[in-house]
Each structure stands twice: as C-alpha cells, then as structure tokens.
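Please read the sequence and the three-dimensional structure side by side, keeping the ligand in view while following the text. The account moves from the ligand to the space around it and then to enclosed space elsewhere.

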Amino acid sequence: MLTLKNIVKDYKVAGKQFRAVNDISLTLNKGEFVAIIGPSGCGKTTTLNIIGGLDRYTSGDLIINGTSTKDFSEKDWDAYRNNSIGFVFQSYNLISHLSVLDNVELGMTLSGVNQKIRRERAIEVLTRVGLASQLGKRPNKLSGGEKQRVAIARALVNDPDIILADEPTGALDSKTAHEILTLIQEVAKDKLVIMVTHAQQYADEFASRIVELKDGVILADSQKEPVVSEDTGYQANKTSMSFFTALKLSFNNLKTKKFRTVITAFASSIGIIGVGLVLAISNGFSQQINDIESDQLVGLPILIGKSEMNIGFDRAGASVFQPEDYEPDEIVIYDSSMDVHTNIITNEFITYLENMNSDIYTNIHYTYGYIPVILSTESGATELVNLDDVGFSSFITPEDELEEYYDLKDGSFPTNIYQVVLEIKEWNVVNKEVLDALGFDTSSELRFSDITGTELYIAKNNDLYVEQGSLFVPNYSDLETVKNNGIVIEIVGIVQAKDSTMTYGPTGLLYLYDLQDELLSVNSGSDICLAQETLDTSVFNLSLLTEEEKLGILSYIGCNSTDPYLIQIYSDSVENKTTIKEYIATYNADKDLDDKIFETDLAEAIGATLSTLITSISVVLSAFASISLIVSSVMIGIIIYISVLERTKEIGIIRSLGGRKKDISRVFNAESIIIGAFAGLMGISITYLLTFPINVIAANVDPSLASVATSNPLHLVLLVLASTILTFIGGFIPSRIASKKNPVEALRVE
Ligand code: ADP
Ligand code: MG
C-alpha cells in the first residue's frame, strides 16, 4: 500500500548540500509492524517525516495505494496527513492548554467531523488505551506513559491506515515502554505501523520487519522476499478548521495566560476609551445644542430685515476674502459692496408670506419704520428721550412665554401694551447713555426700585407737529402739553436675557408687539400724515421727494403700515422652521440676486456656531486619541508574535494532524480578534462608567452640563468593531509568519 521509490532528501546546510536520505526504495503493506533502526543521524526521522507528508522528498516518488504524490498540492498533503497518517512522537506533542479529550478530538475537528460523533469516538479510543477516567485532565497532569497513550489515541482516532511512531518509547522507562509497544501492536493490528527506534531489543520483540539504515541508505531489510504493493486506491477528504475551532483553541490558550491577556487588552483599550470619551462628550454637547435649539431657542423667530447684511462669507466663518485664481503679481480687488445684500420687501413677498400654510407658523410680526417720540420727566423737566441711545423695540421672543427667555429681576412682565420693561445685561449692567437718555441721574446710585414704576409719554403726531404755513415743525417749545396729551407707558419691570447671545448693543426698553399697532392707528389719521400723503415734497423742508423717500418719511412718522423693515416669523418646532425656510427658498428660486430675500435664523445661528466649534474640537481630540489606537495595534502585533513563538509547537502539532497553513493563521487571527474584541468591550465599558463621574463634575461647574458626556450606543458598537479590526490588522503579519512555519522544525522546538 505504500511504496517509496528512490527517495532522496537533500538539506542545504551553510550553503552546502547535505544528503540525509540517499535513494531509499521500500514497499510496505497493511498489517506490517516495521521497525526502522540505525544510529543517530542516519536519516530515520527524515524518512518517517517524508512518509508522513510532514517533509517533502527532493527526488524520487512516494506512492500511496497506487497514487503518485509527485503532483500533490499543499492541501493534498494536508488531507493525506489528516486522513491516512497517525503520528506518535517521542516527546508526545500534546497541546498543553487543551484537555485530554480535546487533544484527541483535534484531528477530527480539522476534518470536520461533527461534535457528537467526535466526542463519542474520542471517548471510545481513550477507553481503548485505558484513559477513560482522565478525559478532562490537562496533559501536564499525566505521567509519561499516560501522555503517550493520549498521543496513541490521537493517532488512532481518525482511523488512519498508517501509524508513524518516532522513538515512541525514548522517554519512557522499560516497563512503560513495553506496555506502550504492546498497546500499539494491539490497537494497530490491521494497520501499517512504522516505528523508528534505536533500541534493537524492542525491534526484535515487536516488529514484524526490521529495516536498518545507515548514512541515509538501507543497510539491511529483514524482509528478504520482494514485496508487492497491495493497492486499494487512494482518496482523502480535504481538511478545514472552522473559525469556531480556531476561536476555541485561542480562547483556551488565552485562558492559560489570563493576566497577560487582561493587561494587554487594558493597554489597547486606552485608545478606545480616549476616542469613546471624546465621542461621548461631543455627542452630549450636540444633543444639548439640539435640545437648546428645539426647546429653548425654537421660540426665536426667523428674521427678515430690510437692513444690509453680509452674505459674502459664511456667517461663522472666514473674514478674509479669498479669490479663486490670481496671478502672483496681481492685486486682487475686493468690492465688499458686492457681498452686501438688502432685502427688498415687496408687496408680492408679503402676499406670498400671508399665503403660507398657517399650520407651520404661530405668528408673523411686521415692524415698521415708525420711531415714536418719547418724553421723560425723570430729571424734573419734561425732556425728549433720544432713541439713538435707548433701544425701543418689541420683544423678539414669543410674548406668551417671556419667562422662558428672560429672568425677571424686578417688578413684572408687561400685561398690556402700556407696560414696558427695561432690559439689563449680565451683572446688572446698563449703559450710561441709556440711563441718561431716559432722564435718570447717573451721578448717584441707582436701584431697581428707582426704575420700576417710571412713567414715560409717547407723543401723538397732532400734538407734536404743528402746521406752520405749508410746513410742519415739532412743537418743542411746549413739551409739557405734548406730554400731558401723550400716551402713558410705564416701566413695570427689569429683565435680563437668559441667553446673552440674544442681546447685542446697548439695551433698552422692550414693549409688546401690539403697542406698535396702537401707535400707528393713533397717528395714521394725523394732520401731518394726511398732508404728507398728498404732497410730493417733504412736510419738514419742502424738498422734492422720490417715491421711496416719501414712503420713508411716512413710515418714520407712523402714517402707514405697508412697508415693514423687519418681519419676524414665529414657529413652534425646528421642522416647521425648516419648512418656512424652504418656502422662502421657493420664493427666491426664480428671482435675481437683488430681489432675493435672505432670512436669519437666530436659533440656528447660535446652534451652528457652537456645533462647528464642538465638531472641530472633537476631530482634533479624536485624532490624538487615534494615535493610541495605532500604538495599540502595533503592540498587539508584538504580543501575537510572542504568542506565535510560544505556540510554535502547537503549530507543528496542528500541521501534523493535517491542519492547513490557512488554519494556522486562522488560529492566530482568532487570538488577535479575541484580544481586540475584549479590549473593545473593556474600553466601552470603562468609557460608559467614566461618563458618570464626568457628568457629576461637569454639573458641579455648570448644572446645564449634567449630561455633557452621553455615549451614543452606535458609537460604542463601532468602537468595539474598530478595536477588533485594528488588532486583527496588528496581528495579521505575525499570523502569516506562523502559517509559513515549517511543521518539522516547529515540532522540534521545545
Ligand atoms: P535520525 O536518524 O537521528 O532521526 P534525522 O533524520 O533526524 O536522523 O537526520 C538525518 C540527518 O539530516 C542528520 O545528519 C541531521 O543533522 C540532518 N538534518 C535533519 N533535519 C535537517 C534540517 N532541517 N536541516 C539540515 N540538516 C538536517
Ligand atoms: Mg530521529
């Protein structure tokens, strides 16, 4: 069944060829117990390894059941070892981190025998070699004889035709040696047993045929008759280790070095923790910004103003104009007026707005160019309040939830249009010119109570403007009368914006939106308005007016309500605001740039600035943290390489049992994947736990930061994946190195 035909094996030693086996021809058959004897170094092991397919012959041929192995591929040899050969070694070669049972099962695992049958067969064979009671033990708990019995069981379990034993009794005392050889003789009766030994007496006692080697050639063969090979045909099933088996092998191996594994995983989890925390904090911040935008800022209106606005640059971005292309010596001329846009609010646009689906907005406020004339008696005399110095505007926030946007410092919020509040800044700051303009005495201490309760008077056009010939002049000489006939408003409270970004420039008085309507309705029928409406010249100085200038004057003195300079659109959700903006975009779609309407979303602008900031910070921090991820992959590479060195013998064993190169790299890839996944899980658990103290500390600094670190579950899953993939990459090269190891040399490693 087995024919060696002129087998030659050359080794290259220090550049020189060395012939270890020199033209050996042998025919061996089932049922034979062949002993190969000869002095040390004569080529016994080499011959045996060639027969077993562990080593390759240089020339000649090995014929198995009539099939030449000349054209065998690596996989064919792997299958051959797995199916047809059972190895028994002098040094047992058991895998120390697997139990007796698992050691015996390993060869069947490689050939894909299912778990149940595997177990049954392994137990049956172990019972035959007398180890039924030792199944769960680790090999290092057994005596030498017992270990060799396990090795015999492992060699038998796949029911191979050939048992190869290389000095199986070399490490045993003579009594145990006898027992082992008797066992081999008994269990392998119908097989071909080839045993290498240098003990003549065992050969004489147990072998049916003795082949004597010397210097790589056959010196003598006890079989004198020519032997005919009894060929029954050759066929072998390909082997393949399942990834699960690889995982189990590596998992068991890692279990034997728990401490190292945990430390390694911890070290490589630090990068994950770093990235995880950065992500958690940026996630927490973004969530908070979204919350602010949707809860706190959603009430802020979309603004459409007539005033100029810069559309050239990104609102939060660059301030330096960057041309697309220019010559090195060319001066780039930047015309800033090109970037400034003034919204032209036409009747068409207002009609378009009025036709907007009323479900998506809660209110639209129009503010006109009317600037009232206000009088104060605070200083003792009746004086004009200069509105260049004091802001006088309606609340931009929804009026039914003022307390959401403002802290009430004193008094109350307005409950009717004749009540106003003074807005102050952080730390109770009010600009001096504001207080001076309102008539307060800023040379001495001022208290809230000095301000609340103050009454102011808004002049009516008919009292203020006196007709003189064809002109109208303000009646500054009798302000007392103007005051007495004026509309009384009271400062009923002092407020401060909760979000300081809502307040820019000097603060001032805030009134309810409807006050404007009331003032416009009082003034629109005034004499000065009626006069100006019919004239093409100014009622103030008789100068000729363009249509636009006339409209300006009419607005300024409160005669009409057709020409808004600010439109505020209120909505109650971020989604609706988006729809409103889309609605405006649709209006713009077919307009020239000059006629387009640009809106400002305060809430979005506040949120966007913050988000951009946080995104950039997270990117930078993540990049730093990622460096540690790379460091840890390199570290994993080194650790796996050390593991390869430690497990070299195991590599040899798996190869001798028919494991493919691929299976070997699978074992080590499995090891790095286990470490990577474990490091990832450890990393995200620590990250998750760390978010609690971080939030507690952050909440101590500012209560609104109570959930500043919030891990996104998706990020956590991705981090475990990333850790697994990175360690896999780190361990990839060592795994390749492992798979390329020569099985014979791997087995020789102690
Ligand atoms: P033994 O009969 O003692 O088992 P071996 O078959 O192991 O002898 O070795 C036969 C000869 O081949 C020895 O001289 C040994 O040094 C040499 N040899 C074995 N393996 C190698 C190798 N991988 N490289 C070089 N020489 C080797
Ligand atoms: Mg040897």
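The paragraphs below treat ligand 1, its pocket and the cavities of what is a predicted model.

A convenient place to begin is ligand 1, whose surroundings are made up of Tyr11, Val13, Phe18, Ala20, Ser40, Gly41, Cys42, Gly43, Lys44, Thr45, Thr46 and Arg748. Sorted by class, this shell holds five nonpolar, five polar and two charged residues. Within the shell, the side chain of Thr46 places a polar atom 2.5 Å from an oxygen atom of ligand 1, and the side chain of Thr45 has an N or O atom 2.6 Å from an oxygen atom of the ligand. Tyr11 faces another kind of atom, since a polar atom of its side chain lies 3.5 Å from a nitrogen atom of ligand 1. Considered alone, ligand 1 would expose 560 Å², and 72% of that area is buried by the protein.

Where does ligand 1 sit with respect to the pockets of the model? The space that ligand 1 takes is the second largest pocket. Two or more residues of the shell around ligand 1 come from each of β1 (2–13), β2 and α1, and α1 contributes the most, with three residues.

The pocket itself can now be described in its own right. The second largest pocket has a volume of about 510 Å³, and among its 26 lining residues those closest to the centre are Thr45, Thr46, Asn49, Asp166 and Arg748. Thr45, Thr46 and Arg748 also belong to the surroundings of ligand 1. The elements that supply two or more residues to the lining of this pocket are β2 (16–28), α1 (44–51), β6 (85–89) and α24 (743–748). Of these elements, α1 provides the largest share of the lining, five residues. By class, the lining of the second largest pocket comprises nine nonpolar, 10 polar and seven charged residues.

Attention can then pass from open space to enclosed space. Rolling a probe the size of a water molecule over the atoms reveals where empty space remains. Over the whole structure, a search finds five cavities of 30 Å³ or more, and the largest cavity contains about 110 Å³ of space. This cavity is lined by 13 residues, of which Ile85, Gly86, Arg154, Ala155 and Leu657 are the closest to its centre. At least two lining residues are supplied by each of α2 (74–84), β6 and α5 (144–156).

Which element gives the largest share of the lining of the largest cavity? That share, four residues, comes from β6, an element that also gives two or more residues to the lining of the second largest pocket. The lining of the largest cavity divides into six nonpolar, five polar and two charged residues.

Note on methods
Residues numbered from 1 in each chain as written. Chains lettered and ligands numbered in written order. Predicted model: local features only at pLDDT ≥ 70, side-chain atom pairs only at ≥ 80, totals over all residues. Heavy atoms only, no water. 1 Å grid on protein atoms, 1.4 Å probe; cavity = no way out; pocket = protein on both sides within 12 Å on 5 of 7 lines; lining within 4 Å. Points joined across faces, edges and corners; volume = space filled by probe spheres on them. Nonpolar A, V, L, I, M, F, W, Y, C, P; charged D, E, K, R; others polar. Near = heavy atom within 4 Å. Polar contact = N/O pair within 3.5 Å; in protein donor to acceptor, adjacent residues only side chain to side chain. Areas by Shrake-Rupley, 256 points an atom, 1.4 Å probe, with all protein chains shown as cover. Sits in = over half its atoms within 2 Å of the grid points.
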